[in-house]
Amino acid sequence: MNRRSTIFLGIFGAIVALSAAPAADPSARNFVAAIYDAYKGQSGNGIALDTDAALRRYFEPDLAALISKDRKEAADQGEAPALTGDPFVDAGDWNIADFDIAVADAEPGKATATVKFDNDEKPTKIVLDLVKLKEGWRIADITWQREDGTETLRGLFIQH
């Protein structure tokens, strides 16, 4: 085989390998975009997570149960729950014009979504670990980028 054929076959093989690489499931991106669309602009009221049904709509069952249990125990003891702000924007208030959402497959049935936005001109980056259940995509954990490192939603309940 001559050199030109070898180069052509190498390039062709690389193209085939790249095209066979799994792309992120578009329904995962749609799930995340639907969440963040609720926070955009002047009319962005966000998502109320005030019921167990709402928690189950967005979080996988174990995480939804952790949040619910913590709320109930905190209320019974007259204390604040571990999660006091909005987990999707890492704030109690927001003024967000737009989002940049990138979703990558982690393994079958799992994906990671990185969401970047400015909240009142403060750059914010949030990473959502997603899992696909029979009901659709749900959040398995959230990682917030902080000045002194990172913090996770699940970690709130371990520390609290």
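**View 1. Strands β1 and β2 pair in the antiparallel sense over 9 bridges.** Welcome to the first close-up of this predicted model, in which local features need pLDDT of at least 70, side-chain atom pairs count only at pLDDT 80 or more, and totals for chains, interfaces and linings use all residues. Residues are numbered from 1 along each chain as its sequence is written, and side-chain values use heavy atoms, with hydrogens and water left out. Strands here are DSSP runs of E with at least two residues, helices are runs of H or I with at least four, and both are numbered from the N terminus. Two strands pair if DSSP finds at least two bridges between them. Across this pairing, I101 stands opposite V115 in β2. The two strands form a hairpin with 2 residues between them, and G109 in that turn has a positive phi of about 80°.

**View 2. D100 has its place in strand β1.** Is this residue buried or exposed, or does D100 count as partly exposed? Its relative accessibility is 45%, so D100 counts as partly exposed; buried means under 20% relative accessible area, exposed means over 50%, and partly exposed lies in between, using a 1.4 Å probe and protein chains only. Leaving aside neighbours within four places in sequence, D100 is in contact with T114, V115 and K116, where contact means heavy atoms within 4.5 Å. Look at K116 in particular: D100 and K116 are 16 residues apart in sequence, and their C-alpha atoms are 5.1 Å apart in space.

**View 3. The side chains of β2 alternate between two faces.** On one face you will find A111, A113, V115, F117 and N119, which are buried. Pointing to the other face are K110, T112, T114, K116 and D118, which are not buried.

**View 4. β2 (residues 110–119) and β3 (residues 122–133) run antiparallel, joined by 10 bridges.** To find your way along this pairing, start with F117, which stands opposite T124 in β3. Then look for T112, whose bridge partner in β3 is D129. The two strands form a hairpin with 2 residues between them, and D120 in the turn has a positive phi of about 50°.

**View 5. β3 continues into β4 through a hairpin of 2 residues.** Strand β4 covers residues 136–146, and 8 bridges join β3 to β4 in an antiparallel run. One pair to pick out is L133 with its bridge partner in β4, G136.

**View 6. An open sheet of 5 strands has the order β1-β2-β3-β4-β5, with antiparallel pairing.** Which strands lie at the edges of the sheet? They are β1 and β5 (149–152), each of which pairs on one side only. Neighbouring strands of the sheet are turned by 25° against each other on average, direction ignored; the axes are lines fitted to C-alpha atoms, for helices over the stretch in contact, and angles run from 0 to 180 degrees between N-to-C directions. Strands of a sheet pair through backbone hydrogen bonds, either parallel or antiparallel.

**View 7. Ring pairs link F31, Y36, Y39, Y58, F59, F88, W94, F99 and F117 into a cluster.** A search of the whole structure finds 10 aromatic pairs. Rings of Phe, Tyr and Trp (its six-membered ring) pair if their centres lie within 6.5 Å, and planes under 30 degrees apart count as stacked, over 60 as edge-to-face and the rest as tilted. The rings of Y39 and F88 have centres 6.2 Å apart and planes at 65°, so this pair is edge-to-face. This pair links distant parts of the chain, 49 residues apart: Y39 lies in the loop between α2 (26–37) and α3 (52–58), and F88 in the loop between α4 (61–76) and β1 (96–107). Both Y39 and F88 are buried.

**View 8. The rings of Y58 and F88 have centres 5.9 Å apart and planes at 70°, so the pair is edge-to-face.** Y58 is in helix α3 and F88 in the loop between α4 and β1, so this pair links distant parts of the chain, 30 residues apart. How buried are Y58 and F88? The relative accessible area of Y58 is 16%, while that of F88 is 0%. Y58 has another companion: the charged end of R57 sits over its ring, 5.1 Å from the centre. A charge sits over a ring if NZ of Lys or CZ of Arg is within 6 Å of the ring centre and within 35 degrees of the ring normal.
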